[in-house]
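Reader: I am new to this structure and would like to go through it step by step. Please show it to me before we begin.

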Amino acid sequence: MCGRYAASRRPEDLTGLFGVEKWEPEETLAPDWNVAPTKEVFAVLERPSKDAAEPRPVRQLRILTWGLVPSWAKTPEGGARMINARAETVHEKPSFRRAFASRRCILPADGYYEWVTGSDERRLEERGKRKRPRKQPYFVTPADGSVMAMAGLYEFWRDRTLPDEHPRAWWATCSVITTEAEATPLGVAPAEGPASLADIHPRMPLMLTPDRWDDWLDPSRTDPDDLRELLAPPPAGLMRAYPVTTAVSDVRNNGPELLAELPAPEEATLF
């Protein structure tokens with residue numbers, strides 16, 4: 001799954017990297033090294049511009065809230081539970097299928113955090129049993145230091161209790177698509193500990209390589225069967241993982257020190 005990630009890149013850098021045409025400078029976020037559900041995050045998406053005489057899809061950098069609220073939801077309370085959408089079923093789940101067809105986005109990240117589990121607890125988790133205590137956190141990031149482009153979905157929800165002009169009348173929310181974690185060796189593995197992403201957790205965010213960005217963001221592509229081809233995992237060996245401080249487990253902690261690599265896991269007997 002993806003339950004926490006880091007996003008410290010400046011919006012100016014993201015606009016150039018992703019070819020963004022529209023970004024409102026007043027819509028900015030501070031670097032966040034401990035992004036948690038319900039926080040605001042940057043997203044790259046394509047939507048028709050309301051300013052143009054002939055609307056066409058325009059690539060934009062927008063601020064969304066992490067935790068998707070379906071347009072048909074009666075209240076937004078369930079958004080915190082919809083932070084992830086499984087690649088295997090996203091095309092058919094009522095909460096995600098409409099967004100998958102027409103509202104896809106990229107969520108830029110430095111990488112994501114995941115916590116290693118013991119073998120017995122891990123088997124319970126894979127069967128959907130709840131839930132293991134968190135142990136040693138690892139930070140998973142592209143081995144070449146590039147931005148991690150996580151595949152995402154976004155949705156709009158209208159709060160009918162508020163007038164149109166109210167700033168909270170519309171909610172713009174998002175979810176991260178996840179896939180099975182790679183069982184192949186990491187591009188750069190820690191000296192001790194997990195040798196693959198699957199050793200850390202059975203799921204991982206779906207990372208889109210640059211050759212898939214345009215197709216993923218293209219709103220004219222709406223056929224689910226066609227889109228499912230874009231859900232294939234990236235080539236193996238692109239990621240590295242290393243242990244970080246357990247301070248990241250507390251969402252109140254936030255700073256670049258959370259990404260500092262530890263020489264060894266803080267907890268022993270993880271394997």
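Author: What follows is a set of short questions and answers on this predicted model.

Reader: How many helices and strands does the protein have?
Author: The protein has 271 residues, and buried ones make up 50% of them. Its secondary structure consists of 5 helices and 12 strands.

Reader: What share of the contacts with a separation of 6 or more joins residues 24 or more positions apart?
Author: One example of residues far apart in sequence is Tyr5 and Thr141, which are 136 residues apart along the chain and 9.9 Å apart in space, C-alpha to C-alpha. For the protein, among contacts with a separation of 6 or more, the share from residues 24 or more positions apart is 72%.

Reader: How much of the area that the protein exposes is supplied by carbon and sulfur atoms?
Author: The protein exposes about 13100 Å². Of this area, carbon and sulfur atoms supply 51%.

Reader: Is Tyr5 buried or exposed?
Author: Tyr5 lies in strand β1, residues 5–7. Leaving out residues up to four places away in sequence, Tyr5 touches a list of residues including Trp33, Val41, Trp66, Leu107, Tyr113 and Met150. The relative accessible area of Tyr5 is 0%, and the cut-off for this class is under 20%, so Tyr5 is buried.

Reader: Which class of exposure does Glu21 have?
Author: Glu21 is found in the loop between α1 (11–17) and β2. Beyond residues up to four places away in sequence, Glu21 touches Arg56, Pro57, Val58 and Arg59. Its relative accessible area is 48%, and the class between 20% and 50% applies, so Glu21 is partly exposed.

Reader: How far is the C-alpha atom of Glu21 from that of Gln60?
Author: Glu21 and Gln60 are 39 residues apart along the chain. Their C-alpha atoms are separated by 5.9 Å.

Reader: Why does Cys174 have no disulfide with Cys105?
Author: A disulfide needs two cysteine sulfur atoms within 2.5 Å. Cys105 holds the cysteine sulfur closest to that of Cys174. Cys174 itself is buried, at 0% relative accessibility. The pair is too far apart for a bond because the distance between the two sulfurs is 5.6 Å.

Reader: How many disulfides does a search of the whole structure find?
Author: A disulfide is a covalent bond between the sulfur atoms of two cysteines. In this model, a search of the whole structure gives a count of 0.

Reader: Which element gives the largest share of the lining of the second largest pocket?
Author: The second largest pocket has a volume of about 520 Å³. It is lined by 16 residues, and those closest to its centre are Arg47, Lys50, Gln60, Arg62 and Phe156. The elements that give two or more residues to this lining are β3 (40–48), β4 (57–66) and β10 (170–180). The largest share, 4 residues, comes from β4.

Reader: How many residues of that lining are charged?
Author: The lining of the second largest pocket includes 8 nonpolar residues and 2 polar ones. The number of charged residues in this lining is 6.

Reader: Where is Thr38 placed?
Author: Thr38 is a residue other than glycine with a positive phi, near 80 degrees. Its place is in the loop between β2 (32–35) and β3.

Reader: Which residues does Leu262 touch, not counting residues up to four places away in sequence?
Author: Leu262 lies in the segment after β12 (239–243). The C-alpha atom of Leu262 is separated by 7.1 Å from that of Thr245, 17 residues apart along the chain. With residues up to four places away in sequence not counted, Leu262 touches Gln136, Pro243, Val244 and Thr245.

Technical notes
Residues numbered from 1 in each chain as written. Predicted model: local features only at pLDDT ≥ 70, side-chain atom pairs only at ≥ 80, totals over all residues. Heavy atoms only, no water. Buried < 20%, exposed > 50% of the residue type's maximum accessible area, 1.4 Å probe, protein only. 1 Å grid on protein atoms, 1.4 Å probe; cavity = no way out; pocket = protein on both sides within 12 Å on 5 of 7 lines; lining within 4 Å. Points joined across faces, edges and corners; volume = space filled by probe spheres on them. Nonpolar A, V, L, I, M, F, W, Y, C, P; charged D, E, K, R; others polar. Contact = heavy atoms within 4.5 Å. Areas by Shrake-Rupley, 256 points an atom, 1.4 Å probe, with all protein chains shown as cover.
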